[in-house]
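Got your viewer open? Here's a walk through the model, one selection at a time.

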Amino acid sequence: MIRPDEQTAQSLTELPTTKLWGGRFDEPTDAFVEAFTASVGFDQRLFREDIAGSIAHAKMLAKVGVLTMAECDKIIDGLNGILLDIERGDFAWIVAYEDVHMNIEARLIDRIGDIGKKLHTGRSRNDQVATDVRLYLRGAIDRIGLELTRLRSGLVDLAEREADTVMPGFTHLQVAQPISFGHHLLAWYEMLTRDAERLADVRRRVNILPLGSAALAGTSYPLDRAYVAELLGFDGVSRNSLDAVSDRDFVIEFLAAASVTMMHLSRMSEELILWTSAQFAFIDLPDRFCTGSSIMPQKKNPDVPELVRGKTGRVYGDLFALLTLMKGQPLAYNKDNQEDKEPLFDAVDTLMGSLRAFADMIPAIEPNRERMRIAAKQGFSTATDLADYLVRQGVAFRDAHEIVGKAVRHAQNAGCDLSELPLAQLQTFSPKIQQDVFAVLTLEGSMAARDLTGGTAPNQVRLQATAAKKALERS
């Protein structure tokens, strides 16, 4: 559904008109059916893509001799004038013309006369709309990619600053091992990097020109499809006209990639929501990303991550709507496909808005370092380090695991951490434990020990952040 701030034209009107396809019909379309079947209320959003495709088509028709250069120039001037009219809101979208294509074509004919009727030579609305959607989605993917880059860059900068900040790492939402806060942020970066790679891969399949497929069987006119592809920046032309006009799996693939990205943002949102709660208090979000309660004056609610978490469901719904739309359609084009655009537009808007909110918010996170450190000391987070210490002393890992389990139970009963047990007490569990054990039972010692590629050692976090920055510069 087009949002109010994205309306680019005047409200729809229902002026009486002669259908551009009406020669075969003996009676006018029922008024309700006309309104019910019209798509101009939402596909007017494709006006830039539609006009760009028409200009390229006109240039090609002139190149192959279907239009004269004078006719081509007049058509292009007319289309550019319509573009300006739409952009400044001086264009009445007419329901009777059904869609963005017929509205623009009718205005072109009205503007330049019968020459405008030649523009549709060698094409159908079927390949025209398929081209428009591909142009639109290609641009949307590029814009989404820029927001992903901005968000990833903010994550890397924050991760680098917080490489030495200790926090508890969790499994099953139970304290597991101490990790660097920067390491956790770089985990988010890796998720989003795969999302960017998926979108780039989808873009390759989006960027194929269907124009020239006509209604379903191609055309007898000597069209130069490669020339149109070059003008519009497509990588190639479709190989099968039936498939070209009825294919929407490139939209489905985008929606699947968008759903995965929203899933990642939702997981990030869940952690941000937990971390801002009084029970965790790991971070604070600036007031500009939060709201208050109408009744409880103390409340500061993390509305941005909560809303992104909620919006994830609507993008999933957009994906399932398209899968359901396509599952029973025979080749080639069917009117069902008019329903492809609203879910696509909604997913693009939702994903773009969510990424923008996160890209603005993430760099402004204020970590509560002391609170994270205190939390990391709870739950015996260095127990694995004690087991590893014993293994280095020659104890088999399974035996070390059991020894440490007994030590943890004792410390839990005593109400203290493993690092607070006296050496003599630790040696009751294993005589292999010596004074040097206390170096590995510290939070910093635990993190520093994991100094392999991909590990949580602050040194590794800084190395990974540097590598990420270089990768972002190349992207």
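Below is a list of stops, each with something to select and a note on what's there. Keep in mind that you're looking at a predicted model.

**Stop 1: the big core**

Start with Phe254 and Leu265. In the largest nonpolar core, which has 102 residues, these two touch the most other members. Now colour helix 6, residues 125–161: it supplies the largest share of this core, 14 residues.

Stay on Phe254 and show what surrounds it. Leaving out residues up to four places away in sequence, Phe254 touches Leu137, Ile141, Ile144, Leu199, Val202, Leu344 and Val348. Apart from this core lies another one, of 20 residues; to find it, select Ala387, Ala407, Leu426 and Val437, which are among its members. As a bit of background, nonpolar side chains in soluble globular proteins tend to be buried together.

**Stop 2: rings facing rings**

Next up, the aromatics. The whole structure holds 8 aromatic pairs. Select Tyr136 and Phe345: the ring centres are 5.0 Å apart and the planes sit at 75 degrees, so this pair is edge-to-face. Which parts of the chain does the pair tie together? Tyr136 belongs to helix 6 and Phe345 to helix 12 (residues 341–361), so the pair links parts that are 209 residues apart in sequence.

Are these two rings buried or exposed? Tyr136 counts as buried, at 4% relative accessibility, and Phe345 counts as buried too, at 1%.

Now jump to Trp275 and Phe282. With centres 6.5 Å apart and planes at 40 degrees, this pair is tilted. Both Trp275 and Phe282 are buried. Widen the selection by adding Phe170, Phe181, Trp188 and Phe280, and you have one aromatic cluster together with Trp275 and Phe282.

**Stop 3: arginines over rings**

Go back to Phe345 and add Arg45. Arg45 lies over the face of Phe345, 4.7 Å from the ring centre. For another example, select Arg134 and Phe250: here Arg134 lies over the ring face, at 3.9 Å from its centre.

**Stop 4: Asp43 and its surroundings**

Keep Phe345 on screen and select Asp43, which is in helix 2 (residues 40–43). Asp43 has a relative accessible area of 1%, so it is buried. Beyond its neighbours within four places in sequence, Asp43 is in contact with Asp99, Val100, Lys341 and Phe345. Closer along the chain, draw a line to Ser39: the side chains of Asp43 and Ser39 make a polar contact at 2.5 Å. Then try a C-alpha distance to His101, which should give 8.9 Å, for residues 58 apart in sequence.

**Stop 5: two more aspartates**

Asp349 is in helix 12, and it is buried, with a relative accessible area of 8%. Draw a C-alpha line from Asp349 to Glu98: the separation is 24 Å, with the two positions 251 residues apart along the chain.

Where is Asp247? Look in the loop between helix 9 (241–246) and helix 10 (249–276). Asp247 counts as buried, at 10% relative accessibility. Its side chain reaches the backbone nitrogen of Asp249 at 2.7 Å.

**Stop 6: backbone oddities**

Switch to a backbone view and pick out Leu331 and Ala332. A cis peptide bond joins them, with omega at about 10 degrees. Ala332 lies in the loop between helix 11 (303–326) and helix 12.

Now for two residues with positive phi. His172 has a phi of about 55 degrees although it is not a glycine. You'll find His172 in the loop between strand 1 (166–171) and strand 2 (174–180), and it is exposed, with a relative accessible area of 74%. Ala281 also isn't a glycine, yet it has a positive phi of about 55 degrees. Look for Ala281 in the loop between helix 10 and strand 5 (283–284). Ala281 is partly exposed, at 22% relative accessible area.

**Last stop: the cysteines**

How many disulfides are there? The count comes to 0. Select Cys72 and Cys416 to compare their surroundings: Cys72 counts as buried, at 2% relative accessibility, whereas Cys416 counts as partly exposed, at 21%.

Methods
Residues are numbered from 1 along each chain as its sequence is written. This is a predicted model: local features need pLDDT of at least 70, side-chain atom pairs count only at pLDDT 80 or more; totals for chains, interfaces and linings use all residues. Side-chain values use heavy atoms; hydrogens and water are left out. A nonpolar core is a set of buried Ala, Val, Leu, Ile, Met, Phe, Trp, Tyr and Cys residues joined through side-chain atoms within 4.5 Å. Buried means under 20% relative accessible area, exposed over 50%, partly exposed in between (1.4 Å probe, protein chains only). Helices (H or I, at least four residues) and strands (E, at least two) are DSSP runs, numbered from the N terminus. Contact means heavy atoms within 4.5 Å. Rings of Phe, Tyr and Trp (its six-membered ring) pair if their centres lie within 6.5 Å; planes under 30 degrees apart count as stacked, over 60 as edge-to-face and the rest as tilted. A charge sits over a ring if NZ of Lys or CZ of Arg is within 6 Å of the ring centre and within 35 degrees of the ring normal. A disulfide is a pair of cysteine sulfur atoms within 2.5 Å. A polar contact is a pair of N or O atoms within 3.5 Å; within protein, one must be able to donate a hydrogen and the other to accept it, and residues adjacent in sequence count only if both atoms are side-chain atoms.
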